[in-house]
Amino acid sequence: MELIHIKDVTKEYKNGVTAVYDLNLRIKKGDFAFIIGGSGSGKSTVIKMLYREEKPTRGEIVVGGLNVAKLRNGKVYKLRRKLGIVFQDYRLLPKSTVYENVAFALEVIGAKSDEIQRKTLKALEVVGLKGKLRNYPDQLSGGEQQRVAIARAIVNEPKLLLCDEPTGNLDPDMSMEIMKVLESINEDLGTTIIMATHDQNIVNKLKKRVIVLKDGRLVGDYEKGTYVHEDI
Ligand code: ADP
């Protein structure tokens with residue numbers, strides 16, 4: 001089953017920069033796909049269009065049956081509930097505990113308190129942080145902070161997890177820890193994962209699908225790929 005279909009998508013920003021040209025891509029349910037490419041190749045723009053932070057200038061994007069570009073502003077929440085997002089810089093609430101940071105994602109959608117507790121503890125267990133519920137973000141390592149951000153992104157049990165350079169601020173050991181967490185989310189929960197990265201080490205180790213962008217164009221798409229220099 002297909003979860004994402006990007007059809008003939010071009011994105012031109014207001015300043016005249018064309019960040020993505022004529023992109024066609026299909027992602028199946030349960031896939032784990034890296035989007036790689038040099039700085040400015042359009043990776044973030046693709047991710048942003050998937051969660052409707054940006055709209056394509058031309059073309060169509062379907063995510064879980066929703067026509068993303070055509071979605072009215074008042075209906076964007078329907079898309080956002082299908083997905084979780086993880087950024088390079090964690091974006092945690094500094095004055096809230098680990099537990100509160102994750103629970104907040106359920107509070108804002110009006111979940112009941114027993115459901116909030118059950119799902120928050122489960123998500124923190126998945127990322128291996130059940131022992132740090134009462135810690136504040138500044139009492140955690142970078143890798144742990146990113147794991148809190150991942151727990152927050154999956155707490156609502158989304159079908160899709162979008163990650164934009166999630167290991168960009170982490171050393172190689174912590175990066176591998178994060179990747180183990182993402183792999184188990186993909187394998188055990190069945191969550192589809194799309195991860196933009198320029199971390200060669202990780203891409204080469206995990207041997208997942210590799211989608212290569214160069215100057216906004218798709219120049220490679222490999223099952224069980226590696227970080228391909230000549231394409232970038
Ligand atoms: P990557 O994530 O691969 O580094 P981006 O998608 O961030 O690439 O950027 C692709 C191109 O679009 C770059 O030339 C960048 O400068 C440009 N760009 C990105 N965001 C904006 C924006 N909000 N307004 C104008 N140009 C942008």
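So, the loop between β6 (83-86) and α3: that is where R91 sits. This is a predicted model, and in it R91 has a positive phi of about 55°, although R91 is not a glycine. Is R91 buried, partly exposed or exposed? With a relative accessible area of 49%, R91 is partly exposed, because exposed begins over 50%.

R91 has company on the backbone side. D8 is not a glycine either, and its phi is positive at about 50°. You'll find D8 in strand β1, which covers residues 2-12. Its relative accessibility is 45%, so D8 counts as partly exposed. And there is R52, which follows α1 and has a positive phi near 65°.

Since we've landed at α1, let's stay there for a moment. This helix spans residues 43-50 and is mostly covered, with 6 of its 8 residues buried. If you'd like to click on them, the buried ones are K43, T45, V46, I47, M49 and L50.

Now back to that first loop, and on into α3. Which geometry do α3 and α4 adopt when they pack? Helix α3 is residues 98-107 and helix α4 is residues 113-126; they pack at an angle of about 125°, and their axes are 9 Å apart. That makes α3 oblique to α4, and the crossing of α3 past α4 is right-handed.

For those of you who like to see the side of the contact list, α3 contributes V98, Y99, V102, A103, L106 and E107. On the α4 side, the residues they meet are E115, I116, Q117, K119, T120, L121, A123 and L124.

Please keep an eye on L124, the last name there. Setting aside neighbours within four places in sequence, L124 is in contact with V98, Y99 and V102, and also with L129, K130, L133 and A151.

L124 turns up again in the largest nonpolar core, which has 43 residues. The members touching the most other members are F34, L124, I150, L161, M179 and L182. Where does this core lie relative to the domains? Domain 1 (1-82 + 160-228) and domain 2 (93-157) both give residues to this core, so it lies between them.

There is also a second core, separate from that one, with 31 residues; V9, V20, Y51 and L160 are among them.

To leave you with one residue to look at on screen, I'd pick L124: part of the α3 and α4 contact, and among the members with the most partners in the largest core. Thanks, everyone, happy to take questions!

Notes:
Residues numbered from 1 in each chain as written. Predicted model: local features only at pLDDT ≥ 70, side-chain atom pairs only at ≥ 80, totals over all residues. Heavy atoms only, no water. Core = buried A, V, L, I, M, F, W, Y, C linked by side-chain atoms within 4.5 Å. Buried < 20%, exposed > 50% of the residue type's maximum accessible area, 1.4 Å probe, protein only. Domains from an automatic or database assignment. Contact = heavy atoms within 4.5 Å. Axes fitted to C-alpha atoms, helices over the stretch in contact; angles between N-to-C directions. Helix = DSSP H or I, 4+ residues; strand = E, 2+ residues; numbered from the N terminus. Parallel < 35°, antiparallel > 145°, perpendicular 65-115°, else oblique. Left-handed = near helix turned anticlockwise from the far one by under 90°.
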